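I opened the notebook to record what I looked up in this structure. The entries follow the order in which I checked things.

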Amino acid sequence: MKEKCVFCEKTKNLIKAHIIPKGLHKQLYSSGENSKIRVGASKRRMKRSPSGIWDKHILCSECDNSFSLWEKYGIEFLSSPVDKNKIICGPHGDKIAYSVYNLDCVKLQLFFLSLLWKASITKREEYATVSLGPYENIIKDIFLSENVNELKSFSILFRRAIKSPKIHLFPAFFRWEEINFYHLYLGDFEIRIKVDKQKLPKKFEVFSLKPQLPLVIFLSDFSGSNLEATIKKILQ
Ligand SMILES: [Zn+2]
């Protein structure tokens with residue numbers, strides 16, 4: 001049955017579009033307990049889902065493929081190990097962060113926005129927590145134009161777990177410093193994406209993904225945190 005593709009708006013045969021790219025699942029959750037990922041809003045619904053979640057009512061194959069270059073880049077980024085030579089230590093020698101140089105900031109930003117956008121346009125209940133409202137169209141226009149100035153307003157910040165099983169938690173809305181964000185957990189990364197007209201506070205500006213500057217990724221030991229408790233529950 002032909003349906004309207006949300007991206008090109010043409011009526012055609014739609015395909016099984018993965019919200020989180022299939023390749024990312026393969027790369028990050030390929031074996032053992034890591035393949036047990038969260039696929040529902042409650043613990044009862046958690047189950048193994050190695051191939052991830054797809055929706056066959058959103059995209060045609062051409063449009064889905066148009067994200068593949070960004071996806072390839074994003075997968076490489078998320079699966080690169082921490083560069084031990086670029087670690088930033090605190091006064092007591094504790095590892096605080098590390099830097100990544102020479103990133104293609106536009107590609108990476110488009111990758112994370114494409115995940116969020118697909119999570120918003122799907123009617124799959126697992127992603128009911130994501131609703132971008134007017135930003136759905138704004139982001140769609142950015143995909144078409146790759147307008148760097150427009151991209152700037154969606155600041156993205158990263159945190160990486162020092163020792164934690166790789167996990168996938170669905171994007172969730174949260175307010176941070178009175179600004180609207182979505183956060184998602186992919187592999188051992190926590191990614192915060194600002195979806196708000198307000199500017200990122202100056203103190204965080206330096207840590208957001210920016211062209212021509214090294215990206216600083218915070219390292220976090222999630223021991224004793226809510227996140228660790230959630231991960232344990234999921235992996236039980
Ligand atoms: Zn299309």
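Which residues of helix 5 (residues 135–145) are buried? I found Tyr-135, Ile-139 and Ile-142. Looking down the axis of helix 5, I saw that these buried residues fall within an arc of 55°, so they line one face of the helix. On the other side of helix 5, I noted Asn-137, Asp-141, Leu-144 and Ser-145 as exposed.

**Entry: around helix 5**

I then asked what the buried residues of helix 5 pack against. They pack against helix 4 (105–121) and helix 6 (148–152). Just after helix 5 comes Glu-146, and I wrote down its phi as positive, near 50°.

**Entry: how far to trust the model**

The model is predicted, and I looked up its confidence before going further. The protein chain has a mean pLDDT of 86, and 84% of its residues reach 70 or more. Over residues 39–45 the pLDDT stays under 50. For that stretch the model has 11 contacts beyond four places in sequence. Where pLDDT is low, the predicted coordinates should not be read in detail. I left residues 39–45 at that.

**Entry: the whole chain**

I listed 8 helices and 13 strands in the protein chain. How many of its 236 residues count as buried? The figure is 34%. I also looked at contacts with a separation of 6 or more, and residues 24 or more positions apart account for 70% of them.

**Entry: the sheet**

In what order do the 7 strands of the open sheet lie? I read the order as 7-8-13-9-12-11-10, with mixed pairing. At the edges I found strand 7 (87–89) and strand 10 (167–176), each of which pairs on one side only. From one strand to the next, the twist averages 25°.

I went through some of the pairs. Strand 8 (residues 95–100) and strand 13 (residues 215–220) are antiparallel, with 4 bridges. Val-100 has Leu-215 in strand 13 as its bridge partner.

**Entry: strand 12**

Strand 12 (189–194) took up a page of its own. I counted 5 of its 6 residues as buried, so strand 12 is largely enclosed by the rest of the structure. Strand 9 (156–161) pairs with strand 12 in the antiparallel sense over 5 bridges. In this region I noted Leu-157, whose bridge partner in strand 12 is Arg-192.

Strand 11 (179–187) also runs antiparallel to strand 12, joined to it by 6 bridges. Tyr-185 has Glu-190 in strand 12 as its bridge partner. How many residues does the hairpin use to join strand 11 to strand 12? The hairpin goes through 1 residue.

**Entry: helix 4 and the core**

I turned to helix 4, which lies across strand 9, strand 10, strand 11 and strand 12. Helix 4 runs at about 80° to strand 12.

Which residues touch the most other members of the largest nonpolar core? Of its 52 residues, they are Leu-59, Phe-112, Leu-113, Leu-116 and Ile-193. Helix 4 gives the most to this core, with 10 residues.

I followed up Ile-193. Leaving aside neighbours within four places in sequence, Ile-193 contacts Phe-112, Leu-116, Phe-154, Ile-156, Phe-181 and Tyr-182.

**Entry: Lys-118**

Lys-118 is in helix 4. Is Lys-118 buried or exposed? I found 26 C-beta neighbours inside 10 Å; a residue counts as buried from 20 upward, so Lys-118 is buried. Not counting residues up to four places away in sequence, Lys-118 touches Ala-17 and Ile-19. Lys-118 and Ala-17 are 101 residues apart along the chain, yet their C-alpha atoms are separated by 8.8 Å.

**Entry: two loop residues**

I checked Glu-9 in the loop between strand 1 (2–4) and strand 2 (11–13). Glu-9 is not a glycine, but its phi is positive, about 65°. Why does Glu-9 count as exposed? I counted 9 C-beta neighbours inside 10 Å, and the cut-off for exposed is 12 or fewer.

The other is Glu-177, in the loop between strand 10 and strand 11. Its phi is near 55°, again a positive value in a residue other than glycine. Glu-177 has 11 other C-beta atoms within 10 Å, so I marked Glu-177 as exposed.

Notes: Residues numbered from 1 in each chain as written. Predicted model: local features only at pLDDT ≥ 70, side-chain atom pairs only at ≥ 80, totals over all residues. pLDDT = per-residue confidence, 0-100. Contact = placed C-beta atoms within 7 Å. Arc of directions from axis to C-beta. Pairing = 2+ DSSP bridges. Axes fitted to C-alpha atoms, helices over the stretch in contact; angles between N-to-C directions. Core = buried A, V, L, I, M, F, W, Y, C linked by C-beta atoms within 7 Å.
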